[in-house]
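Here's a walk through one chain, from overall fold to charged contacts. Have the viewer open and follow along.

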Amino acid sequence: MAREMIRQGGRSARIQEEVHKAVNTLLKTRDRSELTVPMVAETAGVTPSTLYRRWGDLTQLLADVAVARMRPISEPDDTGDMRGDMEAFILQYAEEMSSKPGRQMLADVIGSGSSGATVKCCGFTAFHLETLRKRAIARGEAGFSIDEAVDTVVAPVIYHILFEDREPTPDYCRERVARLFQNS
């Protein structure tokens, strides 16, 4: 009887890892406008047709790399109360997303025209907000509506980052959180 081999990650995962690594390496030394599919393929050690088959074009590839970089690696800070947790979350979020790399990641995701990339990013934010809500409820606090948190806190911050009409300063972020909890 043949034993079934279980591949951890497999070839596809290894290719994705190498391609993502190649993009990130190239972006350290080149402007993104200089990147080409053949350049990324050569750096990753794959053929350009592999990239076209998997990602379609450079825009989709850059969006995929951005989504991977935006994936949360830890839970939001636990400050001991709901409002403090939300403030810590949005202050860190605003700082990361308004940085040059953060703005470029947002531009890559939104500019890809791929609903898959934007849905994943929204999912990351919703996951963090749900973590904050559950944590608050576990402490005996009332919790909050995820939709209201997005509409009142996250969306205005992202708007200002994307359109660069004003900086989402720490005071602005705290004011958005205060509005969310004004009736609490």
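## Ground rules

Some vocabulary to start: a residue is called buried under 20% relative accessible area, exposed over 50% and partly exposed in between, using a 1.4 Å probe and protein chains only. This is a predicted model, where local features need pLDDT of at least 70 and side-chain atom pairs count only at pLDDT 80 or more, while totals for chains, interfaces and linings use all residues. Residues are numbered from 1 along each chain as its sequence is written, and side-chain values use heavy atoms, with hydrogens and water left out.

## Overall picture

The chain has nine helices and zero strands. Those labels are DSSP runs numbered from the N terminus, with helices being H or I over at least four residues and strands being E over at least two. The C-alpha trace spans about 55 × 55 × 25 Å along its principal axes.

Of the 184 residues, 40% are buried. The accessible surface adds up to about 11100 Å², with 51% of it on carbon and sulfur atoms; areas come from the Shrake-Rupley method with a 1.4 Å probe, and for residues only the protein chains shown count as cover. Taking a contact as heavy atoms within 4.5 Å, 67% of the contacts between residues at least 6 apart in sequence join residues at least 24 apart.

## Two cores

A nonpolar core here is a set of buried Ala, Val, Leu, Ile, Met, Phe, Trp, Tyr and Cys residues joined through side-chain atoms within 4.5 Å. The largest one holds 33 residues, and the members touching the most others are Met 70, Met 86, Phe 89, Ile 90, Leu 129 and Phe 144. Helices α4, α5, α6, α7, α8 and α9 each put in at least two residues. As general background, nonpolar side chains tend to be buried together in soluble globular proteins.

Ile 90 is a good place to zoom in: beyond residues up to four places away in sequence, Ile 90 touches Val 153, Val 154, Val 157, Cys 173 and Val 177. There's also a second, separate core of 17 residues, with Val 23, Leu 35, Ala 41 and Val 65 among them.

## Around α8

What sort of aromatic pair do Tyr 159 and Phe 163 form? It's a tilted one, 4.8 Å centre to centre with 45° between the planes. The rule pairs rings of Phe, Tyr and Trp (its six-membered ring) with centres within 6.5 Å, calling planes under 30 degrees apart stacked, over 60 edge-to-face and the rest tilted. Both residues sit in helix α8, four residues apart, or about one turn of the helix. Tyr 159 is partly exposed at 44% relative accessible area, and Phe 163 is exposed at 57%.

These two also join Ile 110 and Leu 162 in a nonpolar surface patch with about 410 Å² of accessible area together. Patch members have over 30% relative accessible area and no salt bridge, with nonpolar side chains (Val, Leu, Ile, Met, Phe, Trp, Tyr) joined within 5 Å and like charges within 9 Å. By contrast, His 160, also in α8, counts as buried because its relative accessibility is 7%. Outside its neighbours within four places, His 160 contacts Asp 165, Arg 166 and Tyr 172. In the loop between α8 and α9, Glu 164 has a positive phi near 50° without being glycine.

## Charged pairs

A salt bridge means a side-chain nitrogen of Lys or Arg within 4 Å of a carboxyl oxygen of Asp or Glu, and the count comes to 14. Asp 78 pairs with Arg 139, closest N and O atoms 2.8 Å apart. That pair links the α4-α5 loop, home of Asp 78, to the α7-α8 loop, home of Arg 139, across 61 residues. Arg 139 is partly exposed at 30% relative accessibility.

Glu 167 bridges to Arg 103, with the closest N and O atoms 2.9 Å apart. Here the loop between α8 and α9 meets helix α6, 64 residues apart. Glu 167 is partly exposed at 47%, whereas Arg 103 is buried at 18%. Glu 175 and Arg 176 form another salt bridge at 3.7 Å, N to O; Glu 175 is partly exposed at 29% and Arg 176 buried at 11%. Finally, shared partners tie Glu 75, Asp 78, Asp 85, Arg 135, Arg 139 and Glu 141 into one salt-bridge network.
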